[in-house]
Amino acid sequence: MASPPDMSKTTTGKLERYNSYIRRLNHTKFLSASSKLLFRLTLLAALILIFFFTLNYPPLSDNSHHVLHHHNFLSSTFYGGGAAWEKKVRHSSTPRRPNGFSVLVTGAGGFVGSHCALALKKRGDGVLGLDNFNSYYDPSLKRARQALLAQHQIFIVEADLNDAHLLTKLFDVVPFTHILHLAAQAGVRYAMKNPQSYVNSNIAGFINLLEIAKATNPQPSIVWASSSSVYGLNTQNPFSESHGTDQPASLYAATKKAGEEIAHTYNHIYGLSITGLRFFTVYGPWGRPDMAYFFFTKDILQGKPITIYQTADDKEVARDFTYIDDIVRGCIGALDTAEKSTGSGGKKKAPAQLRIYNLGNTSPVSVGKLVSIIENLLNVKAKKHVIKMPRNGDVPYTHANVSLAYKDFGYKPTTDLASGLRKFVKWYIGYYGIESKVKKENDSSDD
C-alpha cells in the first residue's frame with residue numbers, strides 16, 4: 001500500500017512564504033510611517049526656520065516702522081518683553097516736570113551716557129537707556145554705572161543698535177521727544193585690531209537708529225556724539241567748525257566723519273533735526289579705562305612704567321582735556337535748543353535744523369603736564385618711558401574753539417585739568433578701594 005504524501009514540507013514552505021510576505025508588508029508600513037514622520041519633522045523644522053528668518057529679516061516696505069510692529073510684538077518676548085518690561089520702559093521714560101523731555105540715551109552704560117542720563121533724570125526728564133555692554137573695556141565698570149542709574153530709576157534696555165526689531169518696539173511703546181545718541185565703538189588704536197566693530201557700531205548702528213527715527217510720527221530731535229578726531233591732520237588752531245575735516249588720521253575718525261555726512265543726508269531727505277557734538281578728550285569720575293589719564297593713574301599706583309609720546313620733531317603731545325561736567329552741560333544745552341524735526345512718516349515737510357559744535361575746554365595741556373599733575377595728586381613718582389608717536393591714528397595736538405556753542409546755547413567750560421583730575425583721583429581710589437599714598441587734600445576736596 002502506497003504511503004500518504006508528506007505534506008509537512010509543503011506546509012512549511014507555505015508558512016515561510018506567508019511569514020516572508022508579512023515581514024515585507026510590515027517593513028513597507030514601517031518605511032511609510034517613518035517617511036511620514038520624517039517629512040513632518042522636516043516640515044516643522046522648516047517652519048521654525050522660516051519663522052526666525054522672518055523675525056530677523058522683515059520684508060522691505062516704504063513704511064517699515066508699521067510693518068515691523070507685528071514682528072517686534074512677537075520678538076519682544078525674546079528681549080524680556082511683556083507687560084512688566086513695558087511698564088519699566090514707560091516708567092523710566094516718563095518725564096516728571098511740566099513739558100519735560102522723554103529721551104532715549106544710547107550708550108547709557110558708558111562714561112558720557114551715564115552722566116548725561118543722571119543729569120537729565122535729576123532735572124525731571126524721562127530717560128530710557130540703551131546699551132549692549134560690550135567687552136571693549138571691563139564690562140563690570142559699565143554694570144556699576146548701570147546700578148548707579150537704577151538707583152535713580154533709570155532703566156537700561158540691553159540691546160544692540162543694529163537690532164531694528166527691538167528699537168522699533170521701544171518707539172512703539174514710548175513717544176520719545178529726543179534721542180541722545182552716545183553709543184559708539186570708541187578708541188583710536190583699537191581700530192587697527194578690530195576695524196569691523198567701528199563700521200558695525202558707528203556707521204551701520206547710526207543708520208539703523210536714523211531709519212527708525214525717520215519713520216516715527218512725530219519724529220524725535222536727535223543730538224549725537226561726533227568727535228574732535230574728525231579734524232585729523234588739520235593744522236589750523238584752534239579747531240573751528242568751519243575748518244576742513246576731509247583728512248581723518250584713523251578709522252575711528254573716518255567713521256565719525258562718515259556719521260556727520262550721514263546725518264546731513266537724513267536731515268536733508270527726511271527732515272530729522274540733528275545736532276552733532278565734537279567731544280574733545282573727555283575725562284573724569286566713572287571714566288573709560290582705555291584713556292591715558294585713567295591707565296596712567298592705575299600704572300603709577302602699581303609701580304609700572306608709563307609710555308609718553310613725543311612728536312617726530314620732539315614736541316610734546318597735547319590735548320584739550322574736557323571735564324565730564326562741562327560736556328554734560330553742553331549735551332543738555334544742545335538738547336534744550338534742538339528744534340523739532342519736520343518730517344512725518346518718513347517724508348520731509350519742511351527744512352529741518354542741522355548743527356555741529358565743538359565741545360572742548362579751550363586750554364590744551366601737554367601729556368607731560370598731565371602726568372605731573374597725577375604724580376602730585378598720588379604723591380608717587382611715575383616711571384616714564386618717552387618714545388616717538390607711532391603711526392597708529394593718534395594726532396599730536398587738539399585745541400577747541402567753542403565760540404559757536406557759547407553763542408547758541410551758552411556753553412562755557414569751567415573746570416581746569418588740575419581740579420578735574422583731583423575729582424577723578426578721589427573717585428578712583430574710592431571705587432577701587434585703594435589704600436594709597438594719595439595726599440590728604442583729595443579726601444577733603446569737593447565733588
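Is Tyr137 buried or exposed, and at what relative accessibility? Let me answer that right away, everyone: Tyr137 counts as buried, at 10% relative accessibility. Before I go on, please keep in mind that this is a predicted model.

Let's stay with that tyrosine for a moment. Tyr136, on the other hand, is partly exposed, with a relative accessible area of 22%. The cut-off for buried is under 20%, so the 22% of Tyr136 puts this residue in the partly exposed class.

Now to the rings. The structure holds 30 aromatic pairs. Tyr136 and Tyr137 make one of these: their ring centres are 6.1 Å apart and the planes meet at 65 degrees, so we call the pair edge-to-face. A second edge-to-face example is Tyr283 with Tyr293, because their planes stand at 75 degrees, with the centres 5.9 Å apart. That pair links distant parts of the chain, 10 residues apart: Tyr283 belongs to strand β7, residues 282–283, and Tyr293 to helix α9, residues 292–301. Both Tyr283 and Tyr293 are buried. They also belong to a cluster linked by ring pairs, whose members include Trp286, Phe294, Phe321, Tyr323 and Trp427.

For those of you who like cation-over-ring geometry, I have two cases. Lys142 has its charged end over the ring of Tyr137, 4.6 Å from the ring centre. Arg143 places its charged end over the ring of Phe133, and there the distance to the centre is 3.8 Å.

On to the sheet. Seven strands form an open sheet, and if you want to trace it on the screen, the order is β3-β2-β1-β4-β5-β6-β13, with parallel pairing. At the edges stand β3, residues 155–158, and β13; each has a single partner strand, so one side of each lacks a neighbour in the sheet. On average, neighbouring strands here are turned by 20 degrees against each other, direction ignored.

Inside that order, β1 (residues 102–106) and β4 (residues 178–181) run parallel and are joined by four bridges. There, Thr106 stands opposite His181 in β4.

The strand I'd like you to look at is β6, residues 274–279. How many of its six residues are buried? Six of the six, so to speak a full house. Both faces are covered: Ile274, Gly276 and Arg278 are buried on one side, and Thr275, Leu277 and Phe279 are buried on the other. Strand β5, residues 221–227, pairs with β6 in the parallel sense over six bridges, and Ile222 stands opposite Ile274. To get from β5 to β6 the chain passes through helix α8, residues 251–270, and this β-α-β crossover is right-handed. Strand β13, residues 354–359, also runs parallel to β6, with six bridges joining them. In that pairing, Leu277 stands opposite Tyr357.

Last stop, helix α11, residues 367–378. Its 12 residues reach 16 Å from the first C-alpha to the last, close to the 16 Å expected at 1.5 Å a residue. Why do we say α11 is largely enclosed by the rest of the structure? Because nine of its 12 residues are buried. Among them are Val367, Leu370, Ile373, Glu375 and Leu378. Just after the helix, Asn379 takes a positive phi of about 60 degrees.

Thanks for listening, and I'm happy to take questions.

Definitions and conventions: Residues numbered from 1 in each chain as written. Predicted model: local features only at pLDDT ≥ 70, side-chain atom pairs only at ≥ 80, totals over all residues. Heavy atoms only, no water. Phe/Tyr/Trp six-rings, centres within 6.5 Å; stacked < 30°, edge-to-face > 60°. Buried < 20%, exposed > 50% of the residue type's maximum accessible area, 1.4 Å probe, protein only. Helix = DSSP H or I, 4+ residues; strand = E, 2+ residues; numbered from the N terminus. Lys NZ or Arg CZ within 6 Å of the ring centre and 35° of its normal. Pairing = 2+ DSSP bridges. Right-handed = clockwise from strand over helix to strand, strands pointing away. Expected span 1.5 Å × (residues − 1). Axes fitted to C-alpha atoms, helices over the stretch in contact; angles between N-to-C directions.
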